[in-house]
Amino acid sequence: MQRIIWGTLAAAALAAALTGCDASFSASPSSSTQDGGSSQTSAPHGGSGTSTTSGTGTGTGTGKRPNGASGTRHCTTSDLHASAYSNGDPGAGQRYGTLQLTNNSGTACTTGGWSGLGLANATGALPTKVVREGTARTITIPAGASAYEQLHWGVVPGDGDDQGAQCQPTARALHVIPPNQTTYLSVSWIGGPVCQQGQIRLTPIKLGKM
């Protein structure tokens, strides 16, 4: 399977905490970074492979709150290093990608559900609608291991979209809140415009790599 790396993610703080499974967010990011990442104050640029912490995000909430296994703590945003990949172009106006989260904390942690997502560009937040698919399950990510979520979006204009050559403004960043967390990660977005008013279908997090 063709896989093109988009970038690695850097941690950023939310201005307000999330409540409920479908909460939205609007945040001013901090300058904290993860190992292997870097922090910038300029607007994100797609395809650079460089982490950025500028801009604000909007999207859905953090997903189902998992019940941690006995003696195993929940994964926090700072525990995780993340990468986003394109899974190639399957045609027929459909696009697919993978969001991968790696546990860099040194100890196992639990998570489950769906990440919150928000598209953004240099002017700020863009319309984002997340459609959650599948059934959420609690997973334990061992130290150094990874988990992933799959993304699916369309590039054919739908209701409410511009019916011209570009259905929606092109995002340059994807803000990601790991399940059950209140800080987000930001990765360069090179998936082009997301039609149907920014609709992204998202599977629940699963253990392993794509």
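Is C109 buried or exposed? Select C109 and find out: the cutoff for buried is under 20% relative accessible area, and C109 comes in at 0%, so it counts as buried. Keep in mind that you're looking at a predicted model.

**First stop: C75 and C109**

Keep C109 selected and add C75. The two are joined by a disulfide, with 2.0 Å from S to S. Now check the dihedral about the S-S bond: 90 degrees, which makes this link right-handed. To see what the bond ties together, color by secondary structure. C75 sits in the loop between β2 (10–13) and β3 (80–86), while C109 belongs to strand β5 (residues 109–111), so the link bridges parts 34 residues apart in sequence. Turn on a surface and look for C75: with a relative accessible area of 4%, C75 is buried too.

**Second stop: C167 and C195**

Next, select C167 and C195. Here's another disulfide, with its sulfur atoms 2.0 Å apart. The dihedral about the S-S bond is -95 degrees this time, and the link is left-handed. Follow the backbone out from each end: C167 is in the loop between β10 (146–154) and β11 (173–177), and C195 is in helix α1 (residues 195–198). That's a separation of 28 residues, so again distant parts of the chain are linked. With the surface still on, C167 has 5% relative accessibility and counts as buried. C195 is buried as well, at 2%.

**Last stop: the whole chain**

Zoom out and show the disulfides together. The count is two, and numbering the bonded cysteines along the chain gives the pattern 1-2, 3-4.

Conventions
Residues numbered from 1 in each chain as written. Predicted model: local features only at pLDDT ≥ 70, side-chain atom pairs only at ≥ 80, totals over all residues. Heavy atoms only, no water. Disulfide = S-S within 2.5 Å. Helix = DSSP H or I, 4+ residues; strand = E, 2+ residues; numbered from the N terminus. Buried < 20%, exposed > 50% of the residue type's maximum accessible area, 1.4 Å probe, protein only.
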